[in-house]
Amino acid sequence: MTEKVDLSNEAIHWELGSSLSYGEYLQLDKVLDAQKPLTYEHDEMMFIIVHQSSELWMRLMLHELRGVLECVRRDDLDPSFKMLTRVSHVQTQLIATWDVLSTMTPSEYSAFRNALGRSSGFQSVQYRMLEFMLGNKHPQMLDVHKRDPKAFTALQGTLEAPSLYDEVLRLLSRRGYGIPENYVTRDFKQPYVASKQVAGAWLGVYHNAEKDWDLYELAERLVDLDQKFQLWRCHHLKTVERIIGYKPGTGGTGGVSYLAKALELKFFPELWTIRTSM
């Protein structure tokens with residue numbers, strides 16, 4: 001027989017008075033009313049929740065990365081390490097969401113896929129914001145967001161602004177690490193091109209790790225961020241391959257073939273190439 005829990009010594013607030021409740025504070029009436037399946041298929045609810053929760057994790061990731069950017073701009077790196085640690089844990093959660101989605105079989109997805117129309121994760125504003133903020137700049141990617149003027153304007157601003165990596169290289173330059181001038185003042189809306197001089201500057205950071213420990217630590221946190229982003233993409237690809245095979249995506253991409261191209265991308269390329277030289 002299960003014993004009853006004794007609450008007599010607990011100072012529980014049974015009456016909240018004028019205080020917000022847990023649900024009111026979190027606005028759970030809105031959050032839990034946002035799952036609106038378009039069909040009666042059982043698995044569509046899971047599909048919606050996985051993508052909505054991913055968007056919430058991305059929102060936190062963007063919040064933390066904006067804080068990191070401010071720390072880099074003012075050359076105060078210590079607070080950024082806590083933020084980057086949190087980003088790393090968020091990325092772990094994002095990677096794990098693919099495990100949930102991959103419980104859906106091809107026939108289960110096919111049962112409601114047509115209801116999605118042309119909607120696709122390719123159109124995620126926050127995902128595109130993350131890529132622009134981290135340095136994967138492609139002006140053409142803005143076109144899919146033209147129907148949402150507010151999102152388009154926000155993305156355009158991020159596209160044209162220095163990425164996190166651009167700001168880090170500017171910091172290295174201010175610290176005397178010899179970043180080429182055309183990298184400090186480049187057209188930031190264009191894709192980043194790796195540089196031997198930048199690689200040399202990073203080698204200098206690693207060789208001077210004791211003197212410039214904060215730059216060394218930042219470099220390793222950036223490698224971690226980049227690696228987990230690649231793992232996220234890889235899990236995405238394998239989940240898509242498992243569920244739809246090599247069919248085109250709902251957003252018009254080639255599906256698996258498109259996702260495979262992204263696996264080659266590194267946000268901070270010189271931090272990877274110099275490992276062979278160390």
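**Close-up views of a predicted all-helix model**

**View 1. A salt-bridge network joins Asp75, Arg175, Lys211, Asp212 and Asp214.** The model shown here and in the other views is predicted. One pair in the view is Asp214 with Arg175, a salt bridge whose closest N and O atoms are 2.6 Å apart. Asp214 belongs to helix α11, whereas Arg175 sits in the loop between α8 (164-174) and α9 (181-184), so this pair ties together parts that are 39 residues apart in sequence. Asp214 counts as buried because its relative accessibility is 17%. Arg175, at 25% relative accessibility, counts as partly exposed.

**View 2. Arg233 and Glu131 form a salt bridge.** The closest N and O atoms of the two residues are 2.7 Å apart. Arg233 is in helix α11 and Glu131 in helix α6 (residues 125-134), so the pair links distant parts of the chain, 102 residues apart. Both Arg233 and Glu131 are buried. Side chains of opposite charge can pair when their charged atoms come close. Over the whole structure, a search finds 18 salt bridges.

**View 3. Lys238 and Glu241 pair within helix α11.** The two residues are 3 places apart, about one turn of the helix. Their salt bridge has its closest N and O atoms 2.6 Å apart. Lys238 counts as partly exposed because its relative accessibility is 45%. Glu241 also counts as partly exposed, at 22% relative accessibility.

**View 4. Leu65 is one of the residues that touch the most other members of the largest nonpolar core.** This core holds 68 residues, and the others with the most contacts to fellow members are Leu164, Trp202, Trp232 and Leu271. Helix α11 (residues 213-244) gives the most to the core, with 12 residues. With residues up to four places away in sequence left out, Leu65 touches Leu84, Val87, Leu130, Met133, Leu134, Leu164 and Leu225.

**View 5. Ser80 is in contact with Val68 and Cys71.** These two contacts leave aside the neighbours of Ser80 within four places in sequence. Ser80 lies in helix α4 (residues 78-101). Because its relative accessible area is 0%, Ser80 is buried. Cys71 counts as buried too, at 1% relative accessibility. Another cysteine, Cys234, has 31% relative accessibility and counts as partly exposed. The search of the whole structure finds 0 disulfides.

**View 6. Val5, Leu7, Ile12 and Trp14 form a nonpolar surface patch.** Together these residues have about 440 Å² of accessible area. Ile12 is located in the segment before α1 (22-26). At 35% relative accessibility, Ile12 counts as partly exposed.

**View 7. The protein chain as a whole has 13 helices and 0 strands.** The C-alpha atoms fill a box of roughly 70 × 55 × 40 Å, taken along the principal axes. Of the 278 residues in the chain, 42% count as buried. Among contacts with a separation of 6 or more, 72% are between residues 24 or more positions apart. The accessible surface of the chain comes to about 16,300 Å², and 55% of this area belongs to carbon and sulfur atoms.

Terms used: Residues numbered from 1 in each chain as written. Predicted model: local features only at pLDDT ≥ 70, side-chain atom pairs only at ≥ 80, totals over all residues. Heavy atoms only, no water. Core = buried A, V, L, I, M, F, W, Y, C linked by side-chain atoms within 4.5 Å. Buried < 20%, exposed > 50% of the residue type's maximum accessible area, 1.4 Å probe, protein only. Helix = DSSP H or I, 4+ residues; strand = E, 2+ residues; numbered from the N terminus. Contact = heavy atoms within 4.5 Å. Patch = residues over 30% accessible without salt bridge, like charges linked within 9 Å, V, L, I, M, F, W, Y side chains within 5 Å. Areas by Shrake-Rupley, 256 points an atom, 1.4 Å probe, with all protein chains shown as cover. Salt bridge = Lys/Arg side-chain N within 4 Å of Asp/Glu carboxyl O. Disulfide = S-S within 2.5 Å.
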